[in-house]
Amino acid sequence: MSATAAKHNYRYDVCLSFASEQLEYVDQVARALENLRVRYYYANNVEASLWGKELTEHLDEIYGRSALFCLLFVSAAYAVKMWPTHERRSALARALADPEDYLLPVRFDDTSLPGLRPTIGYVDATVTTPDQLAELVLEKLLLRSPEPVPPAPRAREVEATTLPPSAKVQIAIPGREIWRVTTDGLVQSSPQVLGKTVYFGSGDGHVRALDTATGSERWSFRTGGAVWSAPAAAAGTVFVGSQDRNVYALDASTGLERWRITTGGAIWSSPAVADGTVYVGSRDHHLYALGAANGHERWRLRTVGDVDSSPTVHNRTVFVGSDDRYLRAVDTVSGHELWRLRTGGAVRSSPAVHDQTVYVGSDDSCLYAVDAATGQERWRYRTGDRVRSSPAACNDTVYVGSYDGHLYALDARSGHERWRTRTGEWVQSSPAVAGLTVYVGSDDHGLCALDAVTGRVRWRYDTGSAVLTRPTSSGRTVYVGSQNGTLCAISA
């Protein structure tokens with residue numbers, strides 16, 4: 001007898017909707033549910049009974065009317081297959097009419113499903129065992145039961161003492177903190193993720209590598225000054241600049257120094273790595289090209305101002321801004337300037353290249369769209385204040401923040417405004433786009449997640465201090481640093 005059979009009138013406690021690519025995991029979930037005496041619908045158990053049935057009507061009945069809950073096993077494969085799509089549509093129709101929780105997402109990746117809001121709490125299948133998931137289903141059933149029900153045999157107490165930390169169940173609610181790490185300096189270095197490690201710098205002079213899942217420190221490396229530069233990780237090496245005027249190359253696994261080179265000024269610019277070359281700006285008024293393997297200088301280009309802008313490489317061209325008010329295009333091999341565009345203010349924004357167009361902000365309050373090949377201005381859009389935020393271009397939209405406190409979404413071809421959303425008094429943070437969500441920080445101590453199409457705020461996380469860095473989205477987690485010295489991992 002099910003632990004909940006007498007407590008509701010549905011034929012099943014839960015129905016399972018999945019793609020065949022996740023069959024092995026889901027099959028184990030079904031066996032675990034059976035051991036817990038939970039009534040479930042699982043198509044692999046009823047193949048003979050499906051023979052000859054009108055499947056569209058049958059699946060409408062199962063996923064629309066026959067179960068108390070529906071487990072959706074979300075994956076890239078699930079999103080494109082015919083029968084899972086039909087099941088999902090039936091389940092979504094039921095969910096619209098049900099005031100209680102009905103859909104219980106279980107995610108294998110961050111695939112976006114039409115109709116399934118990203119704000120719905122989910123279980124991460126990559127860190128949750130099938131037995132643990134079945135336990136959670138039973139707990140959910142007991143929560144819906146109006147009276148106490150004797151639970152089926154469970155092994156949670158044993159598992160808690162025998163499972164490794166990486167196997168702990170994680171229920172992700174968007175905007176909820178997963179972990180935070182505190183340093184002894186401001187965190188103005190945007191975090192970078194490579195595999196299961198997140199790298200970032202701090203005002204306390206350290207570059208740190210943390211485990212993405214737990215926040216535990218893998219290693220730290222001390223430089224001679226504050227680290228505002230965002231690390232760039234490539235080919236097993238982390239490249240980063242420091243206020244001590246050095247560019248460092250560190251072993252990504254151990255943090256051991258491989259090489260360093262000294263420039264003539266502090267380094268705010270974040271390195272870009274392409275084809276075995278590291279490109280980085282310095283406050284000595286130069287853009288440098290360095291050999292990634294040994295740090296040997298290949299060339300340097302002199303400007304007339306500090307190069308705080310972080311370079312961007314595209315099609316054998318490196319684009320970079322400078323305090324001398326210019327956006328420059330430079331040949332990656334020779335270091336010769338190909339063209340320059342003069343703006344009305346310092347260019348500390350880092351360029352973004354999309355569809356043969358370079359987008360960059362300026363202290364003259366404008367966002368510029370420039371032909372990548374010729375340097376000819378295509379359009380400019382004026383905001384209400386300086387644009388030091390680095391734009392993010394995705395599909396046909398470019399997103400950028402302004403010191404006027406707004407995040408803007410502009411048509412990438414025309415520059416016409418699609419929407420603007422006020423997120424604080426000023427926005428220096430650069431936006432990051434992941435799927436249908438834009439993440440951006442602001443001075444009001446917040447990390448905002450906004451709908452990329454409408455600009456509606458989906459959720460906001462209070463970091464406790466101003467956010468100047470670009471958030472980094474990886475999987476179902478967003479990493480962000482703030483002025484109180486913390487790096488936080490937030491459920492996306």
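This is a short talk on a predicted model, going through its strands, its pocket and cavity, and a few single residues.

I'll start with strand β26, which covers residues 366-371. Six of its six residues are buried, so the strand counts as mostly covered. In a regular strand, side chains alternate between the two faces of the sheet. In β26, one side carries Cys366, Tyr368 and Val370, and the other carries Leu367, Ala369 and Asp371. Both of these faces are covered, and the residues named on them are all buried. Note that Asp371 is on that buried list along with Leu367 and Ala369.

What does β26 pair with? On one hand there is β25, residues 357-361, which is joined to β26 by five bridges and runs antiparallel to it. If you want a register point to check, take Val358, whose bridge partner in β26 is Val370. The two strands make a hairpin with four residues between them. In that turn, Ser365 has a positive phi of about 80°.

On the other hand there is β27, residues 377-382, again antiparallel to β26 and again joined by five bridges. Here the register point is Ala369, which stands opposite Trp379 in β27. This hairpin has five residues between its strands, and Gly375 takes a positive phi near 80°.

Next, the open sheet further along the chain. Four strands form it, in the order β32-β33-β34-β35, with antiparallel pairing. Its edges are β32, at 432-434, and β35, at 457-462, and each of them pairs on one side only. From one strand to the next, the twist averages 20°. Looking at one pair in detail, β34, residues 446-451, meets β35 over five bridges in the antiparallel sense. Within that pair, Leu447 stands opposite Tyr461 of β35.

Now the empty space. The largest pocket holds about 1,100 Å³. Its lining is made of 41 residues, and those nearest the centre are Ser190, Ser270, Ser310, Ser350 and Ser390. Which elements give two or more residues to that lining? They are β12 (232-234), β16 (272-274), β28 (392-394), β32 and β36 (472-474). The largest share, three residues, comes from β12. So β32 turns up twice in this talk: as an edge of the open sheet, and as a contributor to the pocket lining. By class, the lining has 22 nonpolar, 14 polar and five charged residues.

There is also one cavity of 30 Å³ or more. The volume of the largest cavity is about 40 Å³. Its lining consists of Pro105, Arg107, Leu116, Arg117, Pro118, Ile120, Tyr122 and Arg476. Sorted by class, that gives five nonpolar residues, no polar ones and three charged ones.

Last, three single residues. The first topic is backbone angles. Most residues other than glycine have a negative phi. Arg316 is not a glycine, yet its phi is positive, about 60°. Where does Arg316 sit? It is in the loop between β20, at 312-314, and β21, at 317-321. Is Arg316 buried or exposed? Its relative accessible area is 55%, and the cut-off for exposed is over 50%, so Arg316 is exposed. For a sense of distance, Arg316 and Leu210 are 106 residues apart in sequence and 33 Å apart in space, C-alpha to C-alpha.

Arg325 is a second case of a residue other than glycine with a positive phi, here about 85°. Arg325 belongs to the loop between β21 and β22, the latter at 326-331. With a relative accessible area of 35%, Arg325 is partly exposed, because the value falls between the 20% limit for buried and the 50% limit for exposed.

The remaining residue is Gln132, in helix α6, which spans 130-144. At 5% relative accessibility, Gln132 counts as buried, since the limit for that class is under 20%. Where does its side chain go? The Gln132 side chain reaches the backbone nitrogen of Thr129 at 2.9 Å.

To go back over the main items: β26 has both faces covered, the largest pocket is lined by 41 residues, and Arg316 and Arg325 have positive phi values without being glycines. That is the end of the talk.

Terms used. Residues are numbered from 1 along each chain as its sequence is written. This is a predicted model: local features need pLDDT of at least 70, side-chain atom pairs count only at pLDDT 80 or more; totals for chains, interfaces and linings use all residues. Side-chain values use heavy atoms; hydrogens and water are left out. On a 1 Å grid over the protein atoms alone, a cavity is a set of points where a 1.4 Å probe fits but cannot get out, and a pocket is an open set with protein on both sides within 12 Å along at least five of seven lines; lining residues have an atom within 4 Å of a point. Grid points are joined across faces, edges and corners, and a volume is the space filled by probe spheres set on the points. Ala, Val, Leu, Ile, Met, Phe, Trp, Tyr, Cys and Pro count as nonpolar, Asp, Glu, Lys and Arg as charged, and the others, Gly among them, as polar. Two strands pair if DSSP finds at least two bridges between them. Axes are lines fitted to C-alpha atoms, for helices over the stretch in contact, and angles run from 0 to 180 degrees between N-to-C directions. Buried means under 20% relative accessible area, exposed over 50%, partly exposed in between (1.4 Å probe, protein chains only). A polar contact is a pair of N or O atoms within 3.5 Å; within protein, one must be able to donate a hydrogen and the other to accept it, and residues adjacent in sequence count only if both atoms are side-chain atoms.
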